[in-house]
Amino acid sequence: MRRVWNFYPGPGALPLPVLRRVRAELLDFRGLGMSVMELSHRSDAALNLIAETLERLRRLLDLDESFELLLLQGGASLQFAMVPLNLSPPGGKVDYVDTGYWTARAIAEARRLGRDVAIAASSGPEHRQLPAQLQVRADTCYLHLCSNNTIEGTQWQVIPRVQAPLVVDMSSDILSRRIDCRTISCLYAHAQKTLGPAGTTLVALRRDVVKHIPEDMPTMLDYRPHIAQRSNYNTPPIFAIYVVGCVLDWLENEVGGLEAIEQINRRKAALLYQVIDESALFQCPVTAASRSLMNVVFRLAEPRLEAQFVRAAAERGLIGLAGHRSVGGCRASLYNPVSLEAVGELADFMRRFEQRLAA
Ligand SMILES: Cc1ncc(COP(=O)(O)O)c(C=O)c1O
């Protein structure tokens with residue numbers, strides 16, 4: 001079996017022990033004589049599986065019973081709409097921190113839904129450094145920010161504390177490090193980067209924000225039916241939820257939990273930033289204090305060289321290193337399943353590529 005070193009930005013690598021477990025359990029889930037994909041979503045086995053996965057998420061995020069946890073569909077992009085629809089009335093004030101491509105999408109969606117959007121701070125136009133000051137309106141319904149900017153390669157080292165209810169898009173760094181989620185009113189993250197395969201999206205909501213959800217919402221866009229039915233209002237993506245559960249089990253019991261994965265993630269990113277900072281060929285546009293542990297973006301002197309680098313890396317089995325189509329350049333995504341060994345291979349390759357060009 002040939003496995004490549006996978007640096008795709010999401011969907012991306014999954015832990016090999018998880019893939020092996022999924023293969024082993026595929027035809028007979030927990031001795032029931034059928035695959036997890038064949039389970040009725042109303043069966044005890046499916047209900048238990050969803051409940052266990054939510055419990056693991058609650059434990060790893062260290063969230064108590066004052067939070068509702070949901071596994072929904074529609075990706076993070078659906079949350080760009082569900083957040084303003086549920087957490088603010090039509091015409092209501094909502095504040096956003098603009099830090100790149102995905103926050104721009106979230107902002108556009110809130111505007112489209114007729115909210116009064118203000119930009120509390122911006123890292124633009126080039127998004128090299130996250131803003132130090134936020135200007136949040138006293139009567140805003142919430143402040144929205146993105147903890148890790150997948151495309152720009154910036155990450156909040158500390159999640160800002162604000163008076164307003166805080167909403168955080170954690171799609172590309174959830175459970176990659178310890179952060180105090182209890183200061184957040186609503187967080188959401190699709191699964192396909194650090195949690196598992198695409199198909200389900202985690203939402204955690206403080207119970208007090210749920211009380212203010214406007215009436216007369218389309219049912220599927222209203223958090224309440226999903227809460228009432230424990231993420232089983234309509235047919236849930238049970239296979240994706242099952243794999244998320246396996247990834248969380250791996251994280252807790254094989255890796256050793258959040259502190260352990262954070263240490264590994266810090267070592268991985270440090271290895272790559274060191275190669276870049278010591279190089280005359282590679283350059284990281286992001287200032288040191290805003291650099292992401294998850295998405296290391298870098299440039300070479302010209303696009304022609306970047307294409308050559310991505311091609312040569314792929315020939316060596318190092319896959320997924322092109323930057324996002326909106327910004328170009330190169331990017332290595334180092335989500336939880338990407339091993340230190342994989343990053344070591346990439347670091348070696350980058351050094352050798354530079355030496356070859358200089359020769
Ligand atoms: C930070 C962030 N938010 C939102 C999205 C959109 O996610 P989805 O494709 O699940 O809608 C992405 C996609 O990669 C992302 O990185």
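A residue is called buried here if 20 or more other C-beta atoms lie within 10 Å of its own, exposed if 12 or fewer, and partly exposed in between. With that in mind, and remembering that the structure on screen is a predicted model, begin by selecting strand E11, residues 295–298, where Asn295 and Val297 point one way while Val296 and Phe298 point the other, and all of them are buried. This fits a general pattern, since in a regular strand the side chains alternate between the two faces of the sheet.

Keep E11 on display and add strand E13, residues 330–333, which runs antiparallel to E11 and is joined to it by 4 bridges. To see how the two strands are set against each other, pick Phe298 and look across to Cys330 in E13, which stands opposite.

**The parallel strands**

Next, select strand E3, residues 93–98, together with strand E4, residues 116–122; these two run parallel and are joined by 6 bridges. Lys93 in this pairing stands opposite Asp116 of E4, and Val94 has Val117 of E4 as its bridge partner. Now bring in helix H4, residues 101–112, and follow the chain from E3 over H4 to E4, a path that makes a right-handed β-α-β unit.

E3 also pairs with strand E5, again in the parallel sense, this time over 2 bridges, and Asp95 finds its bridge partner there in Leu143. Is E3 largely enclosed by the rest of the structure or largely open? Of its 6 residues 5 are buried, so the strand is largely enclosed by the rest of the structure.

**Around the ligand**

Turn now to the ligand and show the residues around it, which are Gly10, Gly75, Ala76, Ser77, Trp102, Cys146, Thr150, Asp169, Ser171, Ser172 and His190. Which helix gives the most to this shell? Colour helix H3, residues 75–87, and you will have the answer, for H3 gives 3 residues to the shell, the most of any. If you colour the shell by residue class instead, the division is 3 nonpolar, 7 polar and 1 charged.

One residue of this shell, Gly10, leads to a backbone feature that deserves a stop, because it is joined to Pro11 by a cis peptide bond with omega of about 0 degrees. Pro11 itself has its place in the loop between strand E1 (5–6) and helix H1 (16–25). A cis peptide bond also joins Gly124 and Pro125, again with omega of about 0 degrees, and here Pro125 belongs to the loop between E4 and strand E5 (143–146).

**Loops on either side of H6**

Select Ile213 in the loop between helix H5 (207–210) and helix H6 (223–228). With 17 other C-beta atoms within 10 Å, Ile213 is partly exposed, and a distance drawn from its C-alpha atom to that of Arg224, 11 residues apart along the chain, comes to 8.3 Å.

Moving on to the loop between H6 and helix H7 (238–255), select Arg230, which has a positive phi of about 50 degrees although it is not a glycine. Ser231, in the loop between H6 and H7 as well, likewise has a positive phi, of about 60 degrees, without being a glycine. Their surroundings can be set side by side: Arg230 is partly exposed, with 16 other C-beta atoms within 10 Å, whereas Ser231 counts as buried, with 22 C-beta neighbours inside 10 Å.

**Helix H10**

For the last stop, select helix H10, residues 340–358, whose 19 residues reach 27 Å from the first C-alpha to the last, close to the 27 Å expected at 1.5 Å a residue. Colour Ala342, Val343, Leu346, Met350 and Phe353, which are buried. Looking down the axis of H10, you will find that its buried residues fall within an arc of 95 degrees, so they line one face of the helix. Behind such a pattern is the fact that an α-helix has 3.6 residues a turn, so residues three or four places apart point the same way.

Rotate to the other side of H10 and you meet Glu341, Arg352, Gln355, Arg356 and Ala358, which are exposed. Why does Glu341 count as exposed? It has 10 C-beta neighbours inside 10 Å, and a residue with 12 or fewer is exposed. Finally, draw a distance from the C-alpha atom of Glu341 to that of Trp5, which are 336 residues apart along the chain and yet are separated by 9.2 Å.

Terms used. Residues are numbered from 1 along each chain as its sequence is written. This is a predicted model: local features need pLDDT of at least 70, side-chain atom pairs count only at pLDDT 80 or more; totals for chains, interfaces and linings use all residues. A residue is near a molecule or strand if its C-beta atom, placed from the backbone, lies within 6 Å of it. Ala, Val, Leu, Ile, Met, Phe, Trp, Tyr, Cys and Pro count as nonpolar, Asp, Glu, Lys and Arg as charged, and the others, Gly among them, as polar. Two strands pair if DSSP finds at least two bridges between them. A crossover is right-handed if, with the strands pointing away from the viewer, the path from the first strand over the helix to the second runs clockwise. The expected span of a helix is 1.5 Å times one less than its number of residues. The arc is that of the directions from the helix axis to the C-beta atoms.
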